[in-house]
Amino acid sequence: MSSDPYSSYPPHRSHLPQSPYPANSPHPPRYSSPTYPWQPAAPPEPEPRRRPVHAPLGHHSDLRILRSAYRWQRRVATLTALGYFVLFLILSAYAPGFMTSEGIGGLQVGLLLGLAQLPITCLAIWLYEHTARRRVDPLAERIRHQARLDAKRGVAR
């Protein structure tokens, strides 16, 4: 008996596998066969992840605190060095009598103030390093440590 392979396309309902449960049954079938065998199976649901105790690093308020501490550090050091230099320039321009007056050891006040710029610049450098060690570096180290912990936990930024 020769049969046309396309004569029964689509297959009749009697040739399809039947579920042991009626269509309106409240119980789902124990197994499911795919309607379309060429479609890949649905991926399994990912396991629920433990939520971190803290927010990820990108949402952390320590970054704002670090930025403000660094900003304060730059302002203190800059105003120390530049403030003294601007004071020296203003006195040179608007108080020439004071700058030419005699100071310690027969030297003029202007010369003494000019020579004092080097120690004032060293003071500004020392203030910058001191505030970095005291305020900025501990915050940065805490953020680095938190980032390492987040990386170990696999928390995305």
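User: Axes here are lines fitted to C-alpha atoms, for helices over the stretch in contact, and angles run from 0 to 180 degrees between N-to-C directions. So at what angle do helix 1 and helix 4 pack?

Analyst: About 180°, with the axes of helix 1 (residues 62-94) and helix 4 (residues 117-153) 9 Å apart. That makes the two helices roughly antiparallel (over 145 degrees). This is a predicted model, where local features need pLDDT of at least 70 and side-chain atom pairs 80 or more, while totals for chains, interfaces and linings use all residues. Residues are numbered from 1 along each chain as its sequence is written, and side-chain values use heavy atoms, leaving out hydrogens and water.

User: What kinds of residues make up the contact of helix 1 with helix 4?

Analyst: There are 22 nonpolar, four polar and four charged ones (Ala, Val, Leu, Ile, Met, Phe, Trp, Tyr, Cys and Pro are nonpolar; Asp, Glu, Lys and Arg charged; the others, including Gly, polar).

User: And overall, how many helices and strands?

Analyst: Four helices and zero strands, so α-α-α-α from the N terminus (DSSP runs numbered from that end: helices are H or I, at least four residues; strands E, at least two).

User: Switching topic: is threonine 131 buried or exposed?

Analyst: Threonine 131, in helix 4, is buried at 6% relative accessible area (buried is under 20%, exposed over 50%, partly exposed in between; 1.4 Å probe, protein chains only). Across the 157 residues of the protein, 13% count as buried.

User: What does the side chain of threonine 131 reach?

Analyst: The backbone oxygen of tyrosine 128, at 3.1 Å.

Terms used
Parallel < 35°, antiparallel > 145°, perpendicular 65-115°, else oblique. Polar contact = N/O pair within 3.5 Å; in protein donor to acceptor, adjacent residues only side chain to side chain.
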